[in-house]
Amino acid sequence: MDYGDILGTMAFEFPDFTWLLKVPLAILVAGIIFYNMMMLLRIRILADTVDSNENVGIKRLAYIHTILSIVGCLVSLVLILLG
Amino acid sequence: MIEEKDIPKKLRDTKKSFLSTLSNENGDKGLLRVFPKDVSFHGQDKDEDIIVIVRAHWITWISQISFSLLLVLIPFLLMFSFTGLSLSLTVGLLLLGIVVSVTNTLNAFFKWFYSVNIITTQRIIDVDFINAFQHRFSEAQLEKIEDISHEHVGFLGSLFDVGTVYIQTAASNAEFEFQNIPRPRDIQDTLNDLLEMKQEGEI
């Protein structure tokens with residue numbers, strides 16, 4: 001029996017481990033969204049604590065960033081789960 | 001020099017040196033603001049004037065910005081490590097990397113902006129934005145201050161005139177730190193002059 005022939009025809013299929021990558025990424029996405037929302041709340045408190053003209057722009061920046069990061073996180077989560 | 005109209009009335013007649021050393025006309029604008037008109041804080045009394053509002057120097061950002069750039073690179077490293085990744089997974093990872101990087105950069109900016117040190121005619125205030133879950137607002141009356149010192153550390157500290165001012169108060173273990181601020185000796189001089197004025201009953 002020629003074992004060399006058998007080895008030559010055997011197909012090794014490695015299991016797909018990409019789901020292992022997806023679970024921590026999904027947790028990371030949830031963490032980023034939660035952190036950004038907490039950051040927005042903290043900025044609202046601090047803007048009242050130390051009031052200045054620049055606060056309007058900073059708060060606007062924080063709101064825009066929070067919205068964009070939520071959208072970005074959700075889109076990336078969908079893409080990661082589909083991938 | 002500060003224009004006389006910007007100086008509060010109660011400080012105009014003083015001959016203390018801090019009025020000549022403090023200035024808004026240098027590269028520290030935004031980091032160190034003298035007699036700001038558009039700033040107030042929670043609990044400010046009607047007869048209380050803000051003398052200086054100071055933030056950490058921008059060089060303290062360098063490590064955070066470098067870390068953000070590294071975060072953008074992580075998805076690329078993953079792409080090259082796992083060659084069999086699908087297109088949607090690759091795009092998702094890139095998008096997530098950008099979101100994390102921008103979040104980290106803005107986080108550093110917000111922390112810098114809201115971590116302020118304020119010196120008024122009545123007290124010192126130290127606001128520390130620690131993270132999204134925690135901030136600290138410390139204040140001490142000027143008459144409680146016992147000892148003031150400052151230190152410059154390292155090459156960057158000497159290059160950019162950045163240092164930390166330590167303020168020891170009468171309360172046990174209460175030490176204020178104005179960390180990595182520009183022109184720390186001017187801040188120390190200002191505090192010393194204000195203490196003298198407070199003891200002499202001028203303010």
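Colleague: What share of the 83 residues of chain A counts as buried?

Modeller: The share is 22%. A residue is called buried when 20 or more other C-beta atoms lie within 10 Å of its own, exposed at 12 or fewer, and partly exposed in between, with C-beta atoms placed from the backbone. This is a predicted model, in which local features need pLDDT of at least 70 and side-chain atom pairs count only at pLDDT 80 or more, while totals for chains, interfaces and linings use all residues. Residues are numbered from 1 along each chain as its sequence is written, and chains are lettered from A and ligands numbered from 1 in the order in which they are written.

Colleague: How many helices and strands does chain A have?

Modeller: Chain A has 3 helices and 1 strand, in the order α-α-β-α along the sequence. Helices (H or I, at least four residues) and strands (E, at least two) are DSSP runs, numbered from the N terminus.

Colleague: How many residues of each chain make up the contact?

Modeller: Chain A contributes 29 residues and chain B contributes 29 residues. Two residues are in contact if their C-beta atoms, placed from the backbone, lie within 7 Å. On the side of chain A that touches chain B, helix H2 (18-49), strand S1 (50-51) and helix H3 (55-82) of chain A each supply at least two residues. H2(A) gives the most, 13 residues. By class, that side of chain A has 16 nonpolar, 10 polar and 3 charged residues. Here Ala, Val, Leu, Ile, Met, Phe, Trp, Tyr, Cys and Pro count as nonpolar, Asp, Glu, Lys and Arg as charged, and the others, Gly among them, as polar.

Colleague: What makes S1(A) and strand S2 of chain B a pair?

Modeller: Two strands pair if DSSP finds at least two bridges between them. S1(A) is joined to strand S2 (residues 40-41) of chain B by 2 bridges, which therefore satisfies the definition. The two strands run antiparallel, and A:Val50 has B:Phe41 as its bridge partner.

Colleague: Why is S4(B) described as largely enclosed by the rest of the structure?

Modeller: S4(B) is so described because 5 of its 5 residues are buried. On one side these are B:Val116, B:Ile118 and B:Thr120, and on the other B:Asn117 and B:Ile119, which leaves both faces covered.

Colleague: Which strands pair with S4(B), and over how many bridges?

Modeller: S3(B) pairs with S4(B) over 5 bridges, and S5(B) does so over 3; both pairings are antiparallel. B:Asn117 stands opposite B:Val54 in the first case and opposite B:Asp126 in the second. S4(B) and S5(B) form a hairpin with 2 residues between them. Strand S5 (residues 123-131) of chain B is also joined by 8 antiparallel bridges to strand S6 (residues 134-141) of chain B, where B:Asp126 has B:Ser138 as its partner. A hairpin through 2 residues links S5(B) to S6(B).

Colleague: How do you know that helix H6 of chain B spans close to what is expected?

Modeller: The expected span is 1.5 Å times one less than the number of residues. Helix H6 (residues 184-199) of chain B has 16 residues, for which 22 Å is expected, and reaches 23 Å from its first C-alpha to its last. The buried residues of H6(B) include B:Ile187, B:Thr190, B:Leu191 and B:Leu194. Among the elements covering the buried residues of H6(B) are strand S4 (116-120), strand S8 (162-169) and strand S9 (175-182) of chain B.

Colleague: Why is B:Arg183 called buried and B:Asp161 partly exposed?

Modeller: B:Arg183 has 25 C-beta neighbours inside 10 Å and therefore counts as buried. B:Asp161 has 17 other C-beta atoms within 10 Å, so it is partly exposed.

Colleague: What is the phi of B:Asp161, and what is that of B:Arg183?

Modeller: Phi is positive in both, about 55° for B:Asp161 and near 50° for B:Arg183. Most residues other than glycine have a negative phi. B:Asp161 lies in the loop between helix H5 (154-160) and S8 of chain B, and B:Arg183 in the loop between S9 and H6 of chain B.

Colleague: Where in chain B is confidence lowest, and where is it highest?

Modeller: Confidence is lowest in helix H1 (residues 9-12) of chain B, with a mean of 80, and highest in S4(B), at 95. These values are pLDDT, the predictor's confidence in each residue, from 0 to 100. The mean for chain B is 87, with 95% of its residues reaching 70 or more. For the complex the predictor gives an ipTM of 0.83 and a pTM of 0.85.
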